Amino acid sequence: NHSQRHQLAGTMATEALGELRPYVIAGNTSVEWRIEQLELLRASLQEEKDAMCKAIKSDLHVDEPQATLMQIASIFGELDICIDNLAEWSAPAKVATPAALLPAASYVQAQPKGVVLVLGAWNYPFNVTIGPVASALAAGNCVVIKPSELAPESAKVMQRIFSRLDQRAVRCVLGEI
């Protein structure tokens, strides 16, 4: 029944949010951990590239060259940018110190905020889902991913890809929502 499937996916996503939150709050998403997860995601995508193309063909009737160009290639670029710049993005940024506080030094330190829910789109299932996941991981957040049920083969491939990442911080939930 549609209503029961809707409730099941929603319940699973809510449970995952609660399970992942303590991991990020405990400070377990260091810069090194983030880079490791992004590199693992990149390697998993490379291994699943053929399966991604087949899923896009099945779900959207798009041929391999177009799928590679429009859906997959840009993801690798996003991951590379995150990996290459993460240490700089995470470093403290020096800011002006009010005169009353001199000779102190002031800086802004970016910190993860919690758990991000990424809802995938059916028409660009990989690009529109994996890009935000990469950004959330680069920021040090945990992530719950809900691929579109309207692209079921792509959702299955994504679940396989995301299952290779640290399950204390990343979960992929399938079903209708």
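How many salt bridges does a search of the whole structure find? The search finds 8 salt bridges. The model discussed here is a predicted one, and the paragraphs below proceed from these charged pairs to the nonpolar core, then to two buried residues and a patch on the surface.

Side chains of opposite charge can pair when their charged atoms come close. One such pair is formed by E47 and R164, whose closest N and O atoms are 3.2 Å apart. This salt bridge links distant parts of the chain, since E47 belongs to helix α2 (residues 31-47) and R164 to the loop between α6 (152-162) and β5 (170-172), with the two positions 117 residues apart. E47 is exposed, because its relative accessibility is 60%. R164, at 30% relative accessibility, is partly exposed.

R164 also forms a salt bridge with E48, and here the closest N and O atoms are 2.6 Å apart. This pair likewise links distant parts of the chain: E48 is in the loop between α2 and α3 (49-60), R164 in the loop between α6 and β5, and the two are 116 residues apart. E48 has a relative accessible area of 7% and is therefore buried. Adjacent in numbering, the two glutamates thus fall into separate classes, E47 being exposed and E48 buried. Together with R160, the residues E47, E48 and R164 are linked in a network of salt bridges.

A further salt bridge joins the side chains of K146 and E149, with an N to O distance of 3.0 Å. Are its two partners buried or exposed? K146 is buried, as its relative accessible area is 3%, whereas E149 is partly exposed at 30% relative accessibility.

The nonpolar interior can be considered next. In soluble globular proteins, nonpolar side chains tend to be buried together. In this model the largest nonpolar core has 46 residues, and those with the most contacts inside it are L38, L45, F126 and F162. Helix α4 gives the most to this core, with 8 residues. For L38, the contacts beyond its neighbours within four places in sequence are L79, C82, I83, L86, A134, L137 and A138.

Two buried polar residues also merit attention. S154 lies in helix α6 and counts as buried because its relative accessibility is 0%. Not counting residues up to four places away in sequence, S154 touches A55, I56, D59, P125 and F126; F126 is among the residues with the most contacts inside the largest nonpolar core. The C-alpha atoms of S154 and R34, by contrast, are separated by 25 Å, the two residues being 120 residues apart along the chain.

T129 is placed in helix α5 (residues 127-138) and is likewise buried, because its relative accessible area is 0%. A polar atom of the T129 side chain lies 2.7 Å from the backbone oxygen of P125; P125 is also one of the residues that S154 touches. Apart from its neighbours within four places in sequence, T129 is in contact with V118, G120, A121, Y124, I145 and M158.

Y124 leads back to the surface. With L69, M70 and V128, Y124 makes a nonpolar surface patch of about 350 Å². M70 is found in helix α4 (residues 64-90), and this residue is partly exposed because its relative accessible area is 37%. Helix α4 therefore holds a residue of the patch, M70, and also gives the most residues to the largest nonpolar core.

Methods: Residues are numbered from 1 along each chain as its sequence is written. This is a predicted model: local features need pLDDT of at least 70, side-chain atom pairs count only at pLDDT 80 or more; totals for chains, interfaces and linings use all residues. Side-chain values use heavy atoms; hydrogens and water are left out. Patches are made of residues with over 30% relative accessible area and no salt bridge: like charges are joined within 9 Å, nonpolar side chains (Val, Leu, Ile, Met, Phe, Trp, Tyr) within 5 Å. Accessible areas come from the Shrake-Rupley method with a 1.4 Å probe; for residues, only the protein chains shown count as cover. A salt bridge is a side-chain nitrogen of Lys or Arg within 4 Å of a carboxyl oxygen of Asp or Glu. Helices (H or I, at least four residues) and strands (E, at least two) are DSSP runs, numbered from the N terminus. Buried means under 20% relative accessible area, exposed over 50%, partly exposed in between (1.4 Å probe, protein chains only). A polar contact is a pair of N or O atoms within 3.5 Å; within protein, one must be able to donate a hydrogen and the other to accept it, and residues adjacent in sequence count only if both atoms are side-chain atoms. Contact means heavy atoms within 4.5 Å. A nonpolar core is a set of buried Ala, Val, Leu, Ile, Met, Phe, Trp, Tyr and Cys residues joined through side-chain atoms within 4.5 Å.
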